[in-house]
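Hi there,

Here is the structure I promised to pass on to you. Have a look at it first, and then read on for what turned up.

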Amino acid sequence: MRTAKFWVGTGLAGALALGYGCGSNSQNPTPQEATQQNPDAGTDAGVLLTLTDAQIARVLQVANAGEVMLGQYAAPLSTDPAIQAFNQKMETEHTAVKQRLDALLATEGIVPEDSALSLQLQQEVQQMMEVLSGPNAPPAGTARDLALISAQAAAHARVAFIGDSLLTTQVTNPALQQELLTERQAVQTHLDEATNLQSGLVLPPATP
(Lines give C-alpha, C1' and ligand atoms only; values in the text may rest on other atoms or scores of the structure.)
Protein backbone atom coordinates (compact mmCIF):
# COMPACT_ATOMS: atom_id res chain seq x y z
CA MET A 1 0.00 0.00 0.00
CA ARG A 2 1.34 3.40 -0.92
CA THR A 3 1.81 6.18 1.58
CA ALA A 4 1.29 9.89 1.17
CA LYS A 5 2.63 12.82 3.11
CA PHE A 6 0.12 14.55 5.35
CA TRP A 7 1.02 17.53 7.48
CA VAL A 8 -0.73 16.91 10.78
CA GLY A 9 -2.03 20.12 12.28
CA THR A 10 -4.48 22.99 11.98
CA GLY A 11 -4.40 26.67 11.13
CA LEU A 12 -7.78 27.99 12.20
CA ALA A 13 -6.93 31.66 12.09
CA GLY A 14 -5.41 31.35 8.65
CA ALA A 15 -8.22 29.10 7.51
CA LEU A 16 -10.89 31.62 8.41
CA ALA A 17 -8.92 34.49 6.95
CA LEU A 18 -7.80 32.83 3.73
CA GLY A 19 -10.41 30.16 3.17
CA TYR A 20 -7.89 27.33 3.16
CA GLY A 21 -7.58 24.68 5.84
CA CYS A 22 -4.06 23.28 5.56
CA GLY A 23 -2.42 24.14 8.85
CA SER A 24 1.16 23.62 9.90
CA ASN A 25 1.12 23.33 13.70
CA SER A 26 2.32 19.85 14.48
CA GLN A 27 0.70 17.30 16.78
CA ASN A 28 2.00 13.92 17.86
CA PRO A 29 0.63 11.09 15.67
CA THR A 30 -0.40 7.74 17.03
CA PRO A 31 2.32 5.06 16.93
CA GLN A 32 0.26 2.94 14.52
CA GLU A 33 0.05 5.73 11.95
CA ALA A 34 3.34 7.55 12.33
CA THR A 35 5.25 5.22 10.08
CA GLN A 36 8.07 7.66 9.49
CA GLN A 37 9.11 11.09 10.76
CA ASN A 38 10.31 13.52 8.11
CA PRO A 39 13.84 14.58 9.12
CA ASP A 40 13.68 17.65 6.87
CA ALA A 41 10.47 19.08 8.31
CA GLY A 42 12.16 21.41 10.80
CA THR A 43 9.77 22.43 13.58
CA ASP A 44 6.77 20.98 11.73
CA ALA A 45 6.62 17.21 12.00
CA GLY A 46 5.83 15.64 8.65
CA VAL A 47 4.08 12.30 9.10
CA LEU A 48 3.61 9.54 6.57
CA LEU A 49 0.19 8.02 7.20
CA THR A 50 -0.96 4.67 5.91
CA LEU A 51 -4.73 4.28 5.93
CA THR A 52 -6.87 1.21 5.36
CA ASP A 53 -10.13 1.31 3.43
CA ALA A 54 -11.96 1.19 6.76
CA GLN A 55 -10.08 4.27 7.95
CA ILE A 56 -10.64 6.07 4.63
CA ALA A 57 -14.34 5.32 4.94
CA ARG A 58 -14.37 6.89 8.39
CA VAL A 59 -12.59 10.00 7.11
CA LEU A 60 -15.32 10.41 4.49
CA GLN A 61 -18.02 9.93 7.10
CA VAL A 62 -16.46 12.53 9.37
CA ALA A 63 -15.94 15.00 6.53
CA ASN A 64 -19.59 14.81 5.51
CA ALA A 65 -20.86 14.93 9.09
CA GLY A 66 -18.67 17.97 9.71
CA GLU A 67 -20.18 19.79 6.74
CA VAL A 68 -23.67 18.98 7.99
CA MET A 69 -22.80 20.34 11.44
CA LEU A 70 -21.18 23.45 10.03
CA GLY A 71 -24.14 24.11 7.74
CA GLN A 72 -26.63 23.66 10.59
CA TYR A 73 -24.58 25.96 12.78
CA ALA A 74 -23.89 28.70 10.25
CA ALA A 75 -27.25 29.01 8.46
CA PRO A 76 -29.14 30.74 11.29
CA LEU A 77 -26.17 33.04 11.98
CA SER A 78 -26.02 34.30 8.39
CA THR A 79 -27.56 37.63 7.45
CA ASP A 80 -26.69 37.40 3.76
CA PRO A 81 -29.39 35.30 2.02
CA ALA A 82 -26.81 33.71 -0.30
CA ILE A 83 -24.59 32.64 2.61
CA GLN A 84 -27.60 31.27 4.46
CA ALA A 85 -28.78 29.36 1.40
CA PHE A 86 -25.31 27.90 0.84
CA ASN A 87 -25.13 26.58 4.39
CA GLN A 88 -28.61 25.08 4.10
CA LYS A 89 -27.51 23.45 0.86
CA MET A 90 -24.44 21.98 2.58
CA GLU A 91 -26.63 20.47 5.28
CA THR A 92 -28.96 18.89 2.73
CA GLU A 93 -26.39 17.67 0.21
CA HIS A 94 -23.84 16.31 2.66
CA THR A 95 -26.59 14.51 4.57
CA ALA A 96 -27.56 12.79 1.32
CA VAL A 97 -23.93 11.93 0.55
CA LYS A 98 -23.39 10.47 4.01
CA GLN A 99 -26.50 8.30 3.64
CA ARG A 100 -25.28 7.07 0.25
CA LEU A 101 -21.83 6.36 1.68
CA ASP A 102 -23.25 4.44 4.64
CA ALA A 103 -25.32 2.28 2.29
CA LEU A 104 -22.26 1.54 0.16
CA LEU A 105 -20.18 0.60 3.19
CA ALA A 106 -22.88 -1.78 4.37
CA THR A 107 -23.04 -3.40 0.94
CA GLU A 108 -19.26 -3.75 0.71
CA GLY A 109 -18.91 -4.99 4.28
CA ILE A 110 -16.56 -2.15 5.25
CA VAL A 111 -16.71 -1.24 8.95
CA PRO A 112 -15.41 2.34 9.38
CA GLU A 113 -12.47 2.71 11.73
CA ASP A 114 -11.19 5.88 13.39
CA SER A 115 -7.67 7.13 12.80
CA ALA A 116 -5.67 10.14 13.90
CA LEU A 117 -6.84 11.85 10.72
CA SER A 118 -10.57 11.31 11.26
CA LEU A 119 -10.26 12.38 14.90
CA GLN A 120 -8.38 15.50 13.86
CA LEU A 121 -11.03 16.44 11.29
CA GLN A 122 -13.68 16.17 14.00
CA GLN A 123 -11.62 18.43 16.23
CA GLU A 124 -11.09 21.00 13.50
CA VAL A 125 -14.82 21.45 12.87
CA GLN A 126 -15.39 21.91 16.59
CA GLN A 127 -12.59 24.47 16.70
CA MET A 128 -14.06 26.36 13.76
CA MET A 129 -17.43 26.60 15.47
CA GLU A 130 -15.78 27.69 18.72
CA VAL A 131 -13.91 30.45 16.88
CA LEU A 132 -17.11 31.61 15.21
CA SER A 133 -19.04 31.70 18.49
CA GLY A 134 -16.27 32.82 20.87
CA PRO A 135 -15.72 36.22 22.49
CA ASN A 136 -13.69 37.43 19.51
CA ALA A 137 -16.22 36.31 16.90
CA PRO A 138 -17.14 39.01 14.38
CA PRO A 139 -20.42 40.88 14.93
CA ALA A 140 -23.53 40.09 12.94
CA GLY A 141 -23.47 41.44 9.43
CA THR A 142 -20.94 41.30 6.62
CA ALA A 143 -18.00 40.46 8.90
CA ARG A 144 -19.77 37.43 10.35
CA ASP A 145 -21.03 36.30 6.93
CA LEU A 146 -17.45 36.49 5.65
CA ALA A 147 -16.21 34.40 8.56
CA LEU A 148 -18.95 31.82 8.03
CA ILE A 149 -18.31 31.39 4.32
CA SER A 150 -14.55 31.40 4.91
CA ALA A 151 -15.04 28.52 7.34
CA GLN A 152 -16.94 26.62 4.66
CA ALA A 153 -14.25 27.32 2.08
CA ALA A 154 -11.60 26.21 4.56
CA ALA A 155 -13.40 22.98 5.40
CA HIS A 156 -13.93 22.06 1.75
CA ALA A 157 -10.36 22.96 0.79
CA ARG A 158 -9.12 20.80 3.65
CA VAL A 159 -11.11 17.80 2.44
CA ALA A 160 -10.01 18.36 -1.17
CA PHE A 161 -6.37 18.46 -0.09
CA ILE A 162 -6.69 15.29 1.98
CA GLY A 163 -8.55 13.50 -0.78
CA ASP A 164 -6.00 14.38 -3.45
CA SER A 165 -2.84 13.86 -1.43
CA LEU A 166 -3.80 10.94 0.78
CA LEU A 167 -7.08 9.12 0.23
CA THR A 168 -7.07 8.56 -3.53
CA THR A 169 -3.52 7.23 -3.37
CA GLN A 170 -4.42 4.50 -0.88
CA VAL A 171 -8.03 3.36 -1.40
CA THR A 172 -8.21 -0.20 -2.73
CA ASN A 173 -11.91 -1.16 -2.76
CA PRO A 174 -13.25 -0.30 -6.28
CA ALA A 175 -16.69 0.81 -5.05
CA LEU A 176 -15.19 2.99 -2.34
CA GLN A 177 -12.73 4.40 -4.86
CA GLN A 178 -15.59 5.45 -7.15
CA GLU A 179 -17.48 6.97 -4.23
CA LEU A 180 -14.37 8.90 -3.26
CA LEU A 181 -14.07 10.30 -6.79
CA THR A 182 -17.74 11.28 -6.82
CA GLU A 183 -17.45 13.03 -3.47
CA ARG A 184 -14.26 14.78 -4.57
CA GLN A 185 -16.10 16.28 -7.55
CA ALA A 186 -18.90 17.51 -5.29
CA VAL A 187 -16.37 19.00 -2.88
CA GLN A 188 -14.77 20.94 -5.72
CA THR A 189 -18.14 22.30 -6.79
CA HIS A 190 -18.92 23.39 -3.24
CA LEU A 191 -15.46 24.89 -2.83
CA ASP A 192 -15.85 26.93 -6.01
CA GLU A 193 -19.25 28.18 -4.85
CA ALA A 194 -17.91 29.09 -1.42
CA THR A 195 -14.90 30.96 -2.75
CA ASN A 196 -17.11 32.88 -5.19
CA LEU A 197 -19.37 33.94 -2.32
CA GLN A 198 -16.31 34.80 -0.27
CA SER A 199 -14.90 36.97 -3.05
CA GLY A 200 -18.22 38.77 -3.37
CA LEU A 201 -17.98 39.87 0.25
CA VAL A 202 -14.31 40.84 0.05
CA LEU A 203 -14.10 42.52 -3.35
CA PRO A 204 -16.09 45.62 -4.34
CA PRO A 205 -18.62 45.21 -7.17
CA ALA A 206 -17.16 45.67 -10.62
CA THR A 207 -18.08 48.94 -12.27
CA PRO A 208 -19.70 48.74 -15.71
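Let's begin with one residue, K89, which sits in helix α3. Is K89 buried, partly exposed or exposed? Its relative accessible area is 30%, so K89 counts as partly exposed, the range for that label being 20% to 50%. Now find Q72 in your viewer: Q72 and K89 are 17 residues apart along the chain, and their C-alpha atoms are separated by 9.8 Å.

Before going further, please keep in mind that this is a predicted model. Across the protein chain the pLDDT averages 80, and 74% of the residues score at least 70. Helix α3, the home of K89, has the highest confidence, with a mean of 97, while strand β1 (residues 4-7) has the lowest, with a mean of 33. Be careful with residues 1-47, where the pLDDT is below 50. That stretch still makes 113 contacts in the model beyond its near neighbours in sequence.

Next, the overall layout. The protein chain has 208 residues, and 43% of them count as buried. Its secondary structure consists of 6 helices and 2 strands. Read from the N terminus, the order of the elements is β-α-β-α-α-α-α-α. Among contacts in the chain with a separation of 6 or more, 79% join residues that are 24 or more positions apart.

Helix α2 is a good one to trace by eye. It contains 22 residues and spans 31 Å from its first C-alpha to its last, close to the 32 Å expected at 1.5 Å a residue. Why can α2 be called largely enclosed by the rest of the structure? Because 17 of its 22 residues are buried.

A57 belongs to this helix, α2. Its relative accessibility is 0%, so A57 is buried; the label applies to anything under 20%. Which residues does A57 touch, apart from those up to four places away in sequence? They are L101, L105, I110 and L176. Another pair to look up is A57 and Q177: they are 120 residues apart in sequence, yet 10.0 Å apart in space, C-alpha to C-alpha.

E179 is found in helix α6. With a relative accessible area of 5%, E179 is also buried. Setting aside neighbours within four places in sequence, E179 contacts V97, R100, L101 and L104. Notice that L101 appears here as a contact of E179 and also among the residues touched by A57.

Finally, some empty space. Rolling a probe the size of a water molecule over the atoms shows where empty space is left. How many cavities of 30 Å³ or more does a search of the whole structure find? The search finds 2. The second largest holds about 140 Å³ of space. There are 17 residues lining this second largest cavity, and those closest to its centre are L60, A63, V159, E183 and V187.

Four helices each supply at least two residues of that lining: α2 (53-74), α3 (81-108), α5 (142-167) and α6 (174-202). The largest share comes from α5, which gives 6 residues. By type, the lining has 10 nonpolar, 4 polar and 3 charged residues.

Enjoy exploring it, and write back with any questions!

Best wishes

Terms used
Residues are numbered from 1 along each chain as its sequence is written. This is a predicted model: local features need pLDDT of at least 70, side-chain atom pairs count only at pLDDT 80 or more; totals for chains, interfaces and linings use all residues. Side-chain values use heavy atoms; hydrogens and water are left out. On a 1 Å grid over the protein atoms alone, a cavity is a set of points where a 1.4 Å probe fits but cannot get out, and a pocket is an open set with protein on both sides within 12 Å along at least five of seven lines; lining residues have an atom within 4 Å of a point. Grid points are joined across faces, edges and corners, and a volume is the space filled by probe spheres set on the points. Ala, Val, Leu, Ile, Met, Phe, Trp, Tyr, Cys and Pro count as nonpolar, Asp, Glu, Lys and Arg as charged, and the others, Gly among them, as polar. Buried means under 20% relative accessible area, exposed over 50%, partly exposed in between (1.4 Å probe, protein chains only). Contact means heavy atoms within 4.5 Å. The expected span of a helix is 1.5 Å times one less than its number of residues. pLDDT is the predictor's confidence in each residue, from 0 to 100.
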